[in-house]
Amino acid sequence: MSARSSTAHSVVEPSSTSKLVASVLVVVYALVTMIPLFWIVVTSLKSPPDSISYPPKIVFTPTIEGYCNLFTNQTRQTPEFLATLPPATTACEKVTRERNMVIVGPSNFTKRFFNSLVIAFGSTALSVFLGTIAAYGFSRFKVPLKDDLLFFILSTRMMPPIAVAIPIYLMYRELGLSDTKIGMILLYTAVNVSLAVWLLKGFIDEIPREYEEAAMIDGYTRLQAFRKVVLPQATTGIVATAIFCMIFAWNEYAFAVLLTSGDAQPAPPFIPTIIGEGGMDWPAVGAGTSLFLIPILVFTILLRKHLLRGITFGAVRK
Amino acid sequence: MTGSHIPDALANRLATATPPKLAARVRGLSDKAIAWLFITPTMILLLAINIFPLIWTIRLSFTNFRANRTNAVVKGIGLDNYTSILTDPDIWAAMQSTAHFVFWTITLQTLIGFTLAYLLDRKFRGHGFWTTIILIPMMLSPAVVGNFWRFLYQPQIGLFNYIISFFTGVDPSSFEMIGSVTLAPWSIIIVDTWMWTPYVMLICLAGLRSIPDYIYEAAEVDRASTWRQFWSITIPMALPFIMLAVLFRGIENFKMFDMVNLLTSGGPGSTTEVASITLKREAFEKWRTGFSSAFAIILFVTVFGLANIYVKALNQVKSR
Amino acid sequence: MAEIRVNHLKKNFGDFVAVRDSSFTVKHGEFFCLLGPSGCGKTTTLRMIAGLELPTDGEILLGGDDVTFRRASERDIAFVFQLFALYPHMNVRANIGFPLKCDGLSSAEIRRRVEETAQILRIADLLDKPVSGLSGGDRQRVALGRAIVRKPKAFLMDEPLGALDSEFRHVMCGELRALHNRLKATTVYVTHDQLEAMSMADTIAVMNNGLIEQLGSPREIYDRPASLFVADFIGSPSMNFLDTHAALASGASELNIDGTKVGIPAMRVSVSESDLVLGVRPEHVSLSDQSTLRGEVFGVEYLGTTQIVTVTTKRGMVRARISADMKASLGEHVGLSFRPEKLSVFDKSTGRVLKSALHEGGVHG
Amino acid sequence: MTDMSQKSLMARIFCRGPWETAATAFIGAGVIMLMQPFALALYTWSFLTTLTGVVMFVIVSKFPE
Amino acid sequence: MRKLVASAIALAASAFVAVAPTASSAKTITLCWAAWDPANALVELSKDFTAKSGVDMKFEFVPWPNFADRMLNELNSKGKLCDLLIGDSQWIGGAAENGHYVKLNDFFGKEGIKMDDFMPATVLGYSEWPKGTPNYWALPAMGDALGWTYRKDWFAKPELRAEFKKQYNRELEVPKTLDELTDIAKFFQGREVDGKKVYGAAIFTERGSEGITMGVSNFLYPNGFKYQDPKKPYSMEGFVNSDGAVKGLEAYKALYKCCTPPGYTDAYMGEGLDAFKSGQVALQMNWFAFFPGLYKDEKVGGDKIGFFVNPKGAAGSGSQLGGQGLSVVSYSPNQKEALDYIKWFANPDVQKKWWSMGGYSAHKAVLNDPGFAKTAPFAADFLVAMGQVVDFWADPSYAQLLLAEQKRIHDYVVADKGTAKEALDGIIKDWTKVFKDDGKL
């Protein structure tokens, strides 16, 4: 079987025609699938009238209006009133003045975006921490009813969020956790920790036990061996798991829309409610959506190698 | 787990050979203590945030409790909530909408996803790059992107109708994806398919890659035609993976909420009112907490059953 | 008639030349072994014969038909893979029946022939078991069953015993040969294990670096190695080599090594003064006090009926296979003598053997 | 000898495979009954069917392989 | 790794710090309302309050489609987000019974705020629970009703007037009846005006919150729809599904089917504004609250826009009530400041300024001013509309009642399921069940 993988003429190697056909079809699909994303970005750079023109405009003058509307609240004023104002200083002010609007303050978007960050980071840190130690426990020790516990952990992730939200809502109301970031962090941690345990167990299973055993023979305690031998070896896995948890917490909508309303509300339930002066302000929605998606795009690319593993709870390693 | 005996035995041996105090230092915490120490926090969290609420839901499901009337008297009403849910034609209709949605998304995603995986398995130049591009939609927030699809679906100003009209010549304002009774279910199916086909594709691709080349070579010398190789080798060998994807998508779409809520919120009429939307209306708009708890339990048991099958499939794939 | 004829076969993988220029013929009903170390091109050659790999250049004739660029499925051959390549999702019956199914046979006919095959291979009781639970040997039998069930023109086997443990490999060797004797089907067998090749093959082709070094019956290859490589590769322990520098005239029957005259078969060629290598199989070495070629006993391996005695000489180690009842103790100084008619002399620069009386009676390659 | 056969009988009855398949079938049937558009009666009984399957699954997962 | 762990802990810690309640200076109160034009005006208006009292104002404005969900969620979870809430009229029953709002009778008595100073319809609609009893839970803050706008400039085009006269044998004028309104919508549907294809009317068809119910009510009330037997509470047979109500519902569906822009299946206020502002429609159903903004619009405002009250139907006149009262949330820690705000807001001068900035005051000092009708082109219509308003149930179970009607009506009007009679019968069935569950029947 020598030099098998590099065979150029093997029968199982697809012919160049089939490769060509395949590549054309795949590229066409990939481009089509990108159209909505492309359109989100394009819309974010349009002015509101351009965004709702018919037929949809592909050629237009880009403007930052969408981003201005996203980050500020504005009111309509008479031209006479506008004339009394000092000249506009920022680009956004200029843009809004042209439409007889005045910026009255920052919008809620920044706050929601910040909430998203805090909740995503907080729950990720917590679930990765809990997941790592639990995964180590499951991977290395004899735990009674291990398979049942592992299944139980996984099944919690399968629960329909709406079904879980009812009692959580009641519980949080009693505990005063409604609409708090800490409440959301705990909730997302509970959802994420199952994925973290399953994924990290896979990663830790792959680290040979002999390393720790050698370390313990050299005088380390079990805990030291875990910290100094296992953790460094598992860094890649931990990072990959963290990104998965992060993406989930970042994208989550159902719990967020049901359990938060103000202070702790993250961006996903907020973005669909960006409404301009009458009707949806699509450029602002596009701007918010674009900003919201950028971290995910970056993470997807970083995570490419572990993606399969993540979505199958570690079952498919590749 | 047999391997853990070795260090255990070793530590024991070291421990017995040394004075007690020193032994404690050598051993540190016992393995058993560490195991519990490591696993318990996760378990406590899950018990507090998943199991305790679940038990609470079960209890509530036998009452007429309403979360928005804290002063009202709560009565136990036995199985009334369950019987009224399971005989309600409207909720049955919601289940059928869910079935329609689940069936078509899974069918489309499996067909397209498998085809894509099959094409990507040709390993043409740049296939890694294009795989990443194709995977992007599935990582995005269904809520945030689903919301934007509402814009794409606007009959006149939306890109979707315009593209369709560009290729078919149909007047773009002559049909409404979200508004029309016949098309609205498809508007959700299309978005879900756009979003989750990559998921199915990725798992199918793993399935295809799990088939060693020599199996195909064997089939080749056994004089199997390309067609027969596909049906007798490729499909059955990739099947556990396809099943995995189908089951997972089935579970996810059975409880689909965010995308539907943002695209149609159940409308027009109640044509796209899937189970989660009904549940949300009952629980958080009508505030019939007891009733919706019973409904939640029904959905939960269904999903739990499917999750059992899923984990079985997962272990099957894992053992490959 | 299913003779396999390979003419000037070449195969490149990019810059890497896997097979340089191979030509050989496998006669109808012959058990033909391609033997060589890993990476020598023997598997590639086999895969080209099977049609799993297409050659860069050359020609393959199967039963007289030019099949060089035909797909494997159009060649009517059977291939047994090193890792068995059983279809994991089918049971034993379906695995064996698969080639017949591909040929479109009726299910009754498939059933009959599968059972017949299973009888031959003594796996009838396993027919309805899944292949995943089978032992290595049973898997091997199933793989063989899948190959023989269709009665193809030729069997191609790629180290079929490589995945078995050594004890079982020995058993299977015998079975394979017995099977061959029964079916009389043309077989090309690739292995790196000389014992397998020796015990089963009618003809062996020894390959090295993409080239066939020697082609012949096991006996020929053992007794009359055509090159230093073959001489070294075949035989365990391998041939002793003693370097010398001399000229030989045609008809000469003596070679001077360190002043000791060693009798050799009469040379049929003459060589001018050059580096030569004398090759002596251990069993052709005997310990004799008379000999002036002397050394010290360095090690003794006791093997029951024989023993291998390693002697250090000025020309390096020499191993002798001698009767177990002869006494040789470590450190003892002994003299070495060789059986002249069995010795080979090689040209060190080309590595080829120098023709002598030993080779008369037909040498291929 | 009798002990042996009894053991194998027990093992045969409480072997996980077929029971698991049955539980899976119950769950599958329950899910289909829940969402089919044909008969309200089937819908009414779907939950009980799924529940039976789930309970069965939990129990048989304790059986030996 | 240690660094990683350390930074993770730091991160978690920072998260905790971020959520720790910031020490609230009692000097800031939060007012919650829907995100729309009047809310912006209120922000401006409230600057005076801050200047006067030194209490800072924060605002939480939620878009209409989510307003009810989020605010009711907030109240039900006893949230402290809002100190003051301008909540929808239908919420009053539930909020009163479950103690979400502070009862204001004592406060009003102490501060000399008299409900007689406010328009009776608004007091009934926004403040009282149970209805008709002097128990006040809110101060009428924003009067509102469902009215119509039309394109005055199109109506003035001679060629269109001529053609309309030819077709309908009357002048193209503001419709006096709902049938006339439908005719006009039909007339404009698909017509080219100023080189652009335009449509008849933008009406409410929204499914998710309250849209279609509000819209259809404008057709039901004038045609004789009543929520219950005035003599026998909660008896609905023959009132909800009276022949007139069936006709009204059918007429609404006919208008939806013939004369709305494409894709108008899930439209509420925002979509209506879009359609009207982009010059797509001749007529628009919408809340009076938007009229000041529309009048100021540079493209369709000014001379181009006209307003009218919901026309008469077969059984008389009626308009759907909108608008909200201002309440103090009982979970608020800043009730004193919140009450101060209400006291300030009830001041007639503030009310006058409120009207001038685009808010709809319900105070008689504003509305009964002889010059009021002249203050804005829609002022007179507003007075008429507020005189004929009807409100949806304000029962604690209003949400269930509303969702039932939303479903039945949307199924009939948009999704073409069943007949008008069946839809209304279905509503009675659903409502009866709700009232039974509540022990009211």
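# Notebook: domain and chain contacts, salt bridges, one threonine

**Entry 1. The two domains of chain B.** I looked up the area buried between domain 1 of chain B and domain 2 of chain B, and found about 400 Å², with carbon and sulfur atoms giving 81% of it. On the domain 1 side, I noted that Leu54(B), Thr57(B) and Leu60(B) supply 84% of the area buried against domain 2, more than any other three residues. I should record that the model is predicted. The domain assignment puts domain 1 at residues 3-60 of chain B and domain 2 at residues 82-319. I then took the distance between the C-alpha centres of these two domains, which is 41 Å.

How many residues of each domain are in contact with the other? I found 4 in domain 1 of chain B and 6 in domain 2 of chain B. I looked for salt bridges across this interface, and the rule finds 0. I also looked for residue pairs in polar contact with both residues at pLDDT 80 or more, and that count is 0 as well. By class, the residues of domain 1 that touch domain 2 are 3 nonpolar, 1 polar and no charged.

**Entry 2. Chain B against chain C.** Next I turned to the interface of chain B and chain C, where 15 residues of chain B are in contact with 23 residues of chain C. The buried area here is about 1,800 Å², and carbon and sulfur atoms give 59% of that. I asked which residues of chain B lose the most area to chain C. They are Val221(B), Asp222(B) and Arg223(B), which together make up 37% of what the chain B side buries.

I counted 4 salt bridges between chain B and chain C. One I looked at joins the side chains of Arg223(B) and Asp103(C), at 3.6 Å from N to O. For polar contacts between the two chains, the count is 9 residue pairs, both residues being at pLDDT 80 or more.

I then checked which helices are involved on the chain B side. Helix H10 (213-221) and helix H11 (226-254) of chain B each supply at least two residues of the side that touches chain C. H10(B) gives the most, with 7 residues. By class, I noted 9 nonpolar, 1 polar and 5 charged residues on this side of chain B.

**Entry 3. Salt bridges elsewhere.** Over all chains I found 68 salt bridges in the structure. I picked out the one in which the side chains of Arg112(A) and Glu60(E) meet, at 2.9 Å from N to O. This pair crosses between chains: Arg112(A) is in helix H6 (residues 109-140) of chain A, and Glu60(E) is in strand E2 (residues 56-62) of chain E. I noted both Arg112(A) and Glu60(E) as buried.

In chain C, I looked up Glu53(C), which forms a salt bridge with Arg47(C), with 2.8 Å between the closest N and O atoms. Is Glu53(C) buried or exposed? Glu53(C) is buried, because its relative accessible area is 2%, under the 20% cut-off. Arg47(C) also counts as buried, at 2% relative accessibility.

A further pair in chain C is Arg113(C) and Glu109(C), whose closest N and O atoms are 3.8 Å apart in a salt bridge. I looked at their placing: they are 4 residues apart in helix H3 (residues 107-121) of chain C, so about one helical turn separates them. I found Arg113(C) buried at 14% relative accessibility, while Glu109(C) is partly exposed at 26%.

I also noted a network of salt bridges that links residues of chain B and chain E. Its members are Glu273(B), Lys280(B), Arg281(B), Glu285(B), Asp69(E) and Arg207(E).

**Entry 4. Thr260 of chain E.** Last, I asked where Thr260(E) lies. Thr260(E) is in the loop between helix H11 (243-259) and helix H12 (269-277) of chain E. I noted Thr260(E) as buried because its relative accessibility is 10%, and the cut-off is 20%.

Which residues does Thr260(E) touch, leaving out those up to four places away in sequence? I listed Gln189(E), Tyr199(E), Ala201(E), Ile203(E) and Leu255(E). I also looked at the side chain of Thr260(E), which has a polar atom 2.8 Å from the backbone oxygen of Tyr256(E).

Terms used. Residues are numbered from 1 along each chain as its sequence is written. Chains are lettered from A and ligands numbered from 1 in the order in which they are written. This is a predicted model: local features need pLDDT of at least 70, side-chain atom pairs count only at pLDDT 80 or more; totals for chains, interfaces and linings use all residues. Side-chain values use heavy atoms; hydrogens and water are left out. Contact means heavy atoms within 4.5 Å. Buried area is the accessible area (1.4 Å probe) that two parts lose on being put together, summed over both. A polar contact is a pair of N or O atoms within 3.5 Å; within protein, one must be able to donate a hydrogen and the other to accept it, and residues adjacent in sequence count only if both atoms are side-chain atoms. Ala, Val, Leu, Ile, Met, Phe, Trp, Tyr, Cys and Pro count as nonpolar, Asp, Glu, Lys and Arg as charged, and the others, Gly among them, as polar. Buried means under 20% relative accessible area, exposed over 50%, partly exposed in between (1.4 Å probe, protein chains only). Domain bounds come from an automatic or database domain assignment.
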